[in-house]
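User: Hi! I am new to protein structures and would like to learn how to read one. Could you walk me through it?

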Amino acid sequence: MEPTFKKSDKIFRFTVGERVAHWSHAISFFILLFTGLGMISMFFRPAVGIVGGIDVARNIHRVVAVLFVVVFVVNLFIGEGGRNVRAWVREILAFDKKDLAHFMIFPFEFFGLHRPYPPQGKFNGGEKFNSALMITGMVCLVITGFMMWFPTAIPRVILQWAYPAHAGFALLLTAVLLAHLYLSLLHPDSNQALKGMFNGYVPAKFAYEHYEKWYYKVKSEENVKEQAKREIAADG
Ligand code: HEM
């Protein structure tokens, strides 16, 4: 039987570490994109004037790239960061038939035509695909970026591919990001996820409708905790 929800019912989705990781990633991506566009195209050259010109933009690009890598590595080792990243990667790798079904229906969802799909885990098929693309793309950007930064350390035959690969991955991720922004900010159904990226909580009804498997997992964990608390209280 489908549960009933009050408007105020909510469910915890993202820890502080996950939110800090997401927002630091988002901010560095935008800075890297802005300064990168200034380097790659004369069209954007006047815009980088606001940071002091192309030479300053080049330096900002390098500093933020290093900070991005450092923040990621630190996040892996501090608090629950590493556990969360491993859980996220495990979840993405466990891409099953139910995720595929969601992924196939996703284009309809995107344009507001809701179709029923099988119950999803913490991340649905579309989000798993987005995550996998982001991780692969970011790793490739970091590798090709450092190759261009230290060109004398890299054989010429490999280096010549680093330039188009870096620009290509940046543009691919930007296209995916535009869809991500539309879903998180404007899409009338999906934009409820945004609350979770600010205070950690999403509406329970939204969680049930979008991530039914995950919703029941969290609820059963809560029930086990409640039961344990009751038993401890009863033991005095
Ligand atoms: C203003 C900018 C952004 C907003 C408003 C935003 C919003 C969100 C929200 C609400 C979620 C949680 C979805 C859920 O509940 O599962 C999320 C997840 C995620 N975001 Fe962002 N985001 C932004 C920028 C970025 C950027 C720049 C990147 C990477 C380049 C990024 C990558 C991801 C990834 C990989 C996930 C997890 C998978 C997914 O939910 O698709 N986000 N974002």
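**Reading the fold step by step**

Analyst: Happy to! In this chain, residues 24 or more positions apart account for 60% of the contacts with a separation of 6 or more. Please keep in mind that the model is predicted.

User: Which secondary structure elements does the chain have, and in what order do they run?

Analyst: The chain has nine helices and two strands. Starting at the N terminus, the order is β-α-α-α-α-α-α-α-β-α-α. Along its principal axes, the C-alpha trace spans about 70 × 45 × 35 Å.

User: How do I judge whether a residue is buried or exposed?

Analyst: Count the other C-beta atoms within 10 Å: 20 or more means buried, and 12 or fewer means exposed. By that count, 19% of the 236 residues are buried. Try alanine 167, which sits in helix H6. Alanine 167 has 17 other C-beta atoms within 10 Å, so this residue is partly exposed. Its C-alpha atom lies 9.6 Å from that of glycine 145, although the two are 22 residues apart along the chain.

User: What makes up the largest nonpolar core?

Analyst: A general idea helps here: in soluble globular proteins, nonpolar side chains tend to be buried together. In this model, the largest nonpolar core has eight residues: Ile11, Ala193, Val202, Phe206, Ala207, Tyr211, Trp214 and Tyr215. Helices H8 (204-210) and H9 (212-235) each supply at least two of them. You can follow one member, isoleucine 11, to its contacts: beyond four places away in sequence, isoleucine 11 touches Tyr201, Val202, Ala204, Ala207, Tyr215 and Val218.

User: Does H9 lie largely buried or in the open? And what is its reach from first C-alpha to last?

Analyst: Two of the 24 residues of H9 are buried, so H9 lies largely in the open. From first C-alpha to last, H9 reaches 35 Å, close to the 34 Å expected at 1.5 Å a residue. After H9 comes glycine 236, with a positive phi near 80 degrees.

User: How many residues surround the ligand, and which are the closest?

Analyst: The ligand is surrounded by 20 residues, and the closest are Ala26, Phe29, Glu127, Ser184 and Ala193. Two or more residues of this shell come from each of helices H1 (16-40), H5 (125-149), H6 (156-186) and H7 (194-199). H6 gives the most, with six residues.

User: And how does that shell divide by class?

Analyst: The shell around the ligand has 11 nonpolar, seven polar and two charged residues.

How values were computed:
Residues are numbered from 1 along each chain as its sequence is written. A nonpolar core is a set of buried Ala, Val, Leu, Ile, Met, Phe, Trp, Tyr and Cys residues joined through C-beta atoms within 7 Å. Helices (H or I, at least four residues) and strands (E, at least two) are DSSP runs, numbered from the N terminus. Two residues are in contact if their C-beta atoms, placed from the backbone, lie within 7 Å. A residue is near a molecule or strand if its C-beta atom, placed from the backbone, lies within 6 Å of it. Ala, Val, Leu, Ile, Met, Phe, Trp, Tyr, Cys and Pro count as nonpolar, Asp, Glu, Lys and Arg as charged, and the others, Gly among them, as polar. The expected span of a helix is 1.5 Å times one less than its number of residues.
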